[in-house]
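Trainee: Could we take a close look at one part of this model, please? I'd like to start with the predictor's confidence.

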Amino acid sequence: MKRHKANGHKPGAARLQAAAMAAMTLAAAACSSVDCPVQNTVYTSYGLYKAGGERDTLRDTLTIATTRRDGTDSVLLNRSVNTTAFELPISYTDPEDTLFFTVGDTLGNVRIDTVYIKKDNYPHFESVDCNISFFHNITAVRWTRQSIDSIVVNKQHVDYDASTEHFHIYFKARR
């Protein structure tokens, strides 16, 4: 007659039991994991271009600000020099964003342009475990013409992907 271990279990049963417990733990963890985006801020991407379509570099100092709902100013880009591209956040629910582009040269000349970005906002829902985000569809852009010659909407849909530029900005010819 074969003898079993003192605990009454067959050899190898403990290993089988441990493997089953590990499999159940992994399955439970897989079911409860949520894929919320780590970076859920929605940005617009801007590229600077010359009239011929080649990339431009703004050597002057560029500061971009906006006004919040409570009336205070908020600087979004502070004193950037040798700028070829940048990203800016976009408001969640306002139908139009207003941006103030301040360009200052080394001689102390300052020019301010106001850019108005009109957009449709719509909520984006990932999961009940994730915060709601807002995506946008750019419907129009207008601007003053102190330093900026023109702005072209390159990509209307704004979501988590800022790898494609939403706007191409063409500054006036500079020395």
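Trainee: Over which residues does pLDDT stay under 50, and how many contacts beyond four places in sequence does the model have for them?

Mentor: Happy to! This is a predicted model, so local features need pLDDT (confidence per residue, 0 to 100) of at least 70 and side-chain atom pairs 80 or more, while totals for chains, interfaces and linings use all residues. Numbering runs from 1 along each chain as its sequence is written, and side-chain values use heavy atoms, without hydrogens or water.

Your stretch is residues 27–32, where pLDDT stays under 50 and the model has 0 contacts (heavy atoms within 4.5 Å) beyond four places in sequence. Set that against the protein chain as a whole: its average pLDDT is 85, with 78% of the residues scoring at least 70.

Elsewhere, 6 strands (DSSP E runs of at least two residues) form an open sheet, ordered β3-β2-β5-β6-β7-β9 and paired (at least two DSSP bridges) antiparallel. β3 (73–80) and β9 (157–158) are its edges, each pairing on one side only. Strand β2 (residues 61–67) runs antiparallel to β3, joined by 5 bridges; in β3, S74 is the bridge partner of T66.

T66 also takes us to the largest pocket (an open set of 1 Å grid points over the protein atoms alone where a 1.4 Å probe fits, with protein on both sides within 12 Å along at least five of seven lines). Its volume, the space filled by probe spheres on joined points, is about 420 Å³. Among its 19 lining residues (an atom within 4 Å of a point), T66, I90, S91, D94 and D97 are closest to the centre. β1 (43–48), β2, β3 and β5 (96–104) each supply at least two lining residues, and β5 gives the largest share, 4 residues.
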